[in-house]
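Work through the exercises below with the sequence and the 3D structure open. Try each task before reading its solution.

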Amino acid sequence: MHFLPKKQGLKGVVQTLTQFLGWSVLNTDTYDKMNKLENRKDIAQEMLMHHLKCTPQELQSILKTNEKLNKNVDDCEQKEMMKILKEELPDPAALELYEFHFSDLPVSEHELIKSGIRLFVELNALDKFKVPAEVMTKWMYTVRKGYRDITYHNWRHGFNVGQTMFTLLMTGKLKKYYSDLEAFAMVAAAFCHDIDHRGTNNLYQMKSAAPLAKLHGSSILERHHLEFSKTLLEDESLNIFQNLNKRQFENVIHLFEVAIIATDLALYFKKRTMFQKIVDAAEQMKSEEEVIKYIITDQTKKEIIMAMMMTGCDLSAITKPWEVQSKVALMVANEFWEQGDLERTVLQQQPIVRLQSSYVIP
Ligand SMILES: [Zn+2]
């Protein structure tokens, strides 16, 4: 014990030793508790995934290997599964999937799952990035199940944002600024961008001291949608990016982060200034080639445009024909009023906007 001052003597040694042993016991105890917490979290996650994931029956409702080939998915070859999957997907022209005025209202929620897969086929993502047919189907189905059946931020909204992203890229001709992999990631992120939304906004999470607000300091819900999306991809049977190399996969996850966090409207104005600078500079250029070169050589510019596209997609309902947008506007208002009811009943606060769900828009 040469590190102890000599004058401390035996008493000092005993004191220090006791302290040291006390800390050791406390550390072991804390470590033990942390381990238990970690195990509890893993079990909760395992239970959640069990109920969330697309079941074999649900998979067969789209990828009909039993009905068409009399075989289970595991006994099929990729080629034959891809063939029967493509047969089952809706015709993009019939549903107007390439159109900005597309409306989900006449389409069933199950048909929207198939339509989502159709968009990836149209992007040629399945063939190019070797996405197994059953993984694509399970992922898309599970994303649908990840959305809660609430008034506005439900699967229909998630699908619409994915479809608008696809349309901006293909019909809006913004694809020229992005690689095939980036376009694949952007549409996938758009589908996931509000997964597990609770129908209440970030301010409500803070006011109700929701665990989500304690976990994330800012962009509370957006960070949750992102974490949820990443959790799905951690499961190999749902990982549509499983055949990418490490660098490509990391790039996809980075794009998910930028795209999903960008849907927090609190970040919009900062983004808008940066976006305007790019637009102003591009307007001075003489040729389209010059603009493309100006954008694609700078990853930051590409990400600012992508972030702006996400906001555009998220709010695209207001660009739809009146019959569609008027219905959606009511859903947005109704969900907001429902939050007002919660503020009154759960938080015992007067909502900022004095409305309640029993009020009716004329
Ligand atoms: Zn949204």
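**Exercise 1. Read the spacing of the zinc donors and assign a residue to each letter.**

Step 1. The donor residues of the zinc ion follow the pattern H-x35-H-D-x119-D in sequence. The model used here is a predicted one.

Step 2. The protein donors are His157 (NE2), His193 (NE2), Asp194 (OD) and Asp314 (OD). They lie 2.0 to 2.1 Å from the zinc ion.

Step 3. Matching the letters in order, His157 and His193 are the two H positions, and Asp194 and Asp314 are the two D positions.

**Exercise 2. Classify the arrangement of donors around the zinc ion.**

Step 1. The four donor atoms subtend angles of 88 to 177° at the zinc ion.

Step 2. For four donors to count as tetrahedral, all angles must lie between 85 and 135 degrees. The upper end of the range, 177°, does not fit this.

Step 3. The arrangement is irregular because of these angles.

**Exercise 3. Describe the surroundings of Asp194.**

Step 1. Asp194 sits in the loop between helix 10 (180–192) and helix 11 (202–207).

Step 2. Is Asp194 buried or exposed? The cut-off for buried is under 20% relative accessible area. Asp194 has 7%, so this residue is buried.

Step 3. The side chains of Asp194 and His193 are joined by a polar contact of 2.9 Å. His193 has a relative accessibility of 0%, so it is buried.

Step 4. Setting aside neighbours within four places in sequence, Asp194 contacts Tyr147, His153, His157, His225 and Asp314. Among them, His157 and Asp314 are also zinc donors.

Step 5. An unreviewed UniProt entry lists Asp194 under "binding site".

**Exercise 4. Describe the largest nonpolar core.**

Step 1. This core holds 84 residues, and Phe120, Trp139, Ile240 and Phe256 touch the most other members.

Step 2. Which helix gives the core its largest share? Helix 10 does, with 11 residues.

Step 3. Take Trp139 as an example. Leaving out residues up to four places away in sequence, Trp139 touches Phe120, Ala188, Phe191, Cys192, Leu233, Leu238 and Ile240.

Step 4. In soluble globular proteins, nonpolar side chains tend to be buried together.

**Exercise 5. Summarise the whole chain.**

Step 1. The chain has 18 helices and zero strands.

Step 2. Of its 362 residues, 46% are buried.

Step 3. Among contacts with a separation of 6 or more, 72% join residues 24 or more positions apart.

Step 4. The C-alpha trace spans about 90 × 60 × 55 Å along its principal axes.

Definitions and conventions:
Residues numbered from 1 in each chain as written. Predicted model: local features only at pLDDT ≥ 70, side-chain atom pairs only at ≥ 80, totals over all residues. Heavy atoms only, no water. UniProt positions renumbered as here; feature names shortened; annotations may be inferred. Helix = DSSP H or I, 4+ residues; strand = E, 2+ residues; numbered from the N terminus. Buried < 20%, exposed > 50% of the residue type's maximum accessible area, 1.4 Å probe, protein only. Contact = heavy atoms within 4.5 Å. Polar contact = N/O pair within 3.5 Å; in protein donor to acceptor, adjacent residues only side chain to side chain. Core = buried A, V, L, I, M, F, W, Y, C linked by side-chain atoms within 4.5 Å. Donors = N, O, S within 2.8 Å, 3.2 Å for Na, K, Ca; no water. Tetrahedral: all angles 85-135°; square planar, octahedral: opposite > 155°, others 65-115°.
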